[in-house]
Amino acid sequence: MSLTDLTIAAAADGLRRGDFTARALTEAHLAVIAAENPRLNAFITVTEAAALARADAADRALAAGTARPLAGIPLAIKDLFCTEGVRTTAGSRILGNFIPPYESTVTRRLLDDGAVFLGKANLDEFAMGSSNMTSAFGPVANPHRRRQDPDAVLVPGGSSGGSAAAVAAGLAMGATGTDTGGSIRQPAAFCGIVGIKPSYGRCSRWGVVAFASSLDHPGPVARTVEDCAILLGSMAGHDPRDSTSADVPVPDYRAACRRGVKGLRIGVPREYRAEGMAGEIEALWARGVARLREAGAEVVDVSLPHTKYGLATYYIIAPAEASSNLARYDGVRFGFRAAGRGDLRELYEHSRAEGFGAEVRRRILIGTYVLSAGYYDAYYLRAQKVRALIKRDFDEVFRGVDALLTPTAPSAAFAQGEKMDDPVTMYLNDVFTVPADLAGVPAMSVPAGRDADGLPLGLQVIGRSFDEATVFAVGAALEGMG
Amino acid sequence: MSLDPATVRRIAALARLHVDEAEVPRLQEELNGILGWIEQLNEVDVTGIEPLAGAAANALPMRADVVTDGGYPEAVLANAPERIGAFFAVPNVVE
């Protein structure tokens, strides 16, 4: 077995046994990056020298017996997390040369635990997309191919598409992602890996380039449920610098993976059985139900009546918050400035028009409109009320069940260029993932099978707020189905 | 509600986004497509429902009203597209 096929758990054991060095582990991943990144475009920036220096430091700590839990583990960092002294682009031309003078809390915690950062992973611009096609640094290729049509280049999903592709293809052992409408779970499903969006407030947003602040959830992707548990355990925790960070204890997620599902009640929400759902997805879901029943869980039908309004609610609230958050990009304090433009107002308008891509401009315009005088009540306030109803649906259903089981996405990965005809078609990718973002409850995608073309499909486990432990227990029980 | 070209221009101006005149019809079509799809929220009975601004578990915490950060102008200015001394530089706003 090659070093780049190991799980994080196995690599941590191997490093401690002295089977290989942290330098060898990092060099093996850098070699795969050199070979595969030109095709996959999963990394925007590779920080080879810094990674090797960190690996050497991990080797010294391992020798001295002072190694932290993630010592020497090579990770990819979504290029939305500010990294001190390392360019952080958000996949946008407007931040193309931005070098943060500080480190995000989540990446700081990973560094404090000894992790090695290989570089910055590609993403949809400002995390706005479900295909990684909106990145100013080019699209990412999904490492999986259709059996019937192997020449088609498939999308890795988005927005954490570079993170998911890198982990799936062995360029990194794990990665950070962010999930605002499904941006961890949908790419995890498309690339055949595990991803968890924890509860809102579980991981600090400090130093993460903001998209929609009430919906942005940092979280990990990795190749196993246990590896996600290891990473989330490091990333999570209270941070006074994020006013919405939750001051609650972080349980042992790794232990939760071994807890089993005996005696748990699992709900199957009937509203997720969308009309026209692909037969393969429906069959996968049924196999997941059977697997949990065999493992001792009770599975019951439940109802989340406002599910169908989740996407429309999201496409008011997320652009509204984005239009406010992205007002800071003005061509004055940092980022791109348009050349040779008259007065200050023209400087703003041209820097923003040239610096932002089409999807980001579209969302800023929608957000500005729904917040503008005369339309605020009809759009934004109404959406906030429907959001309250969606959260109430979850609150009520979790009085009777411990977790929910649904598909992660309505289809397997599609080809680059497909679903690009109109924005709403692309938005429909997130129909099953958006409700958990609106409600702030934890949700994981676990690879659970393959479609007729051999492409990975994922199942989603949704849990009660701050009960990621049960999500890990259920996710671990589903693992290995596919 | 349907956006006319004048509203597209007004929204773009509010958002400080330059829009070429040639782009207005396409933007108008795309934005109307999205807004038309969003109209489905009008079916929902929201009578008596309190709006939900976010999913944070607790009320925002209070902290002492003291300076907690700052004092490093070089770091703040390091990414400025243009600076003059310890200041961000912009086109003249006062003649």
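Which strands of chain A does helix H7 (residues 225-235) lie across? In this predicted model, helix H7 of chain A lies across E2, strand E4 (174-179), strand E5 (194-197), strand E6 (217-222) and strand E10 (443-450) of chain A. With respect to E6(A), helix H7 runs at about 145°.

These strands belong to an open sheet of eleven strands in chain A, in which the pairing is mixed. The order of the strands is E1-E3-E2-E4-E6-E5-E10-E11-E9-E7-E8. Strand E1 (43-46) and strand E8 (298-302) of chain A each have a single partner strand and stand at the edges, so one side of each lacks a neighbour in the sheet. From one strand to the next, the twist averages 30°. Within the sheet, strand E9 (residues 403-407) and strand E11 (residues 456-463) of chain A run antiparallel and are joined by five bridges. A:Ala403 is placed opposite A:Gly463 in E11(A). A further helix of chain A, H2 (residues 22-40), lies across E1, strand E2 (74-78) and strand E3 (116-121) of chain A. The angle between helix H2 and E3(A) is about 20°.

The contact between the two chains was examined next. Chain A contributes 66 residues to this contact and chain B contributes 50 residues. The area buried between chain A and chain B is about 5,100 Å², with 71% of that area given by carbon and sulfur atoms. On the side of chain A, the residues that lose the most area to chain B are A:Leu365, A:Tyr369 and A:Arg382, which together make up 13% of what that side buries.

Polar interactions also link the chains. Between chain A and chain B there are 15 residue pairs in polar contact, counted with both residues at pLDDT 80 or more. The count of salt bridges between the two chains is three. In a salt bridge with an N to O distance of 3.8 Å, the side chain of B:Glu43 meets that of A:Lys308.

Several helices of chain A supply the side that touches chain B. Helix H10 (310-325), helix H11 (344-355), helix H12 (358-371), helix H13 (376-397), helix H14 (423-427) and helix H15 (434-439) of chain A each provide at least two residues. The most is given by H13(A), with 13 residues. Classified by residue type, the side of chain A that touches chain B has 36 nonpolar, 14 polar and 16 charged residues.

Technical notes
Residues are numbered from 1 along each chain as its sequence is written. Chains are lettered from A and ligands numbered from 1 in the order in which they are written. This is a predicted model: local features need pLDDT of at least 70, side-chain atom pairs count only at pLDDT 80 or more; totals for chains, interfaces and linings use all residues. Side-chain values use heavy atoms; hydrogens and water are left out. Contact means heavy atoms within 4.5 Å. Buried area is the accessible area (1.4 Å probe) that two parts lose on being put together, summed over both. A salt bridge is a side-chain nitrogen of Lys or Arg within 4 Å of a carboxyl oxygen of Asp or Glu. A polar contact is a pair of N or O atoms within 3.5 Å; within protein, one must be able to donate a hydrogen and the other to accept it, and residues adjacent in sequence count only if both atoms are side-chain atoms. Helices (H or I, at least four residues) and strands (E, at least two) are DSSP runs, numbered from the N terminus. Ala, Val, Leu, Ile, Met, Phe, Trp, Tyr, Cys and Pro count as nonpolar, Asp, Glu, Lys and Arg as charged, and the others, Gly among them, as polar. Two strands pair if DSSP finds at least two bridges between them. Axes are lines fitted to C-alpha atoms, for helices over the stretch in contact, and angles run from 0 to 180 degrees between N-to-C directions.
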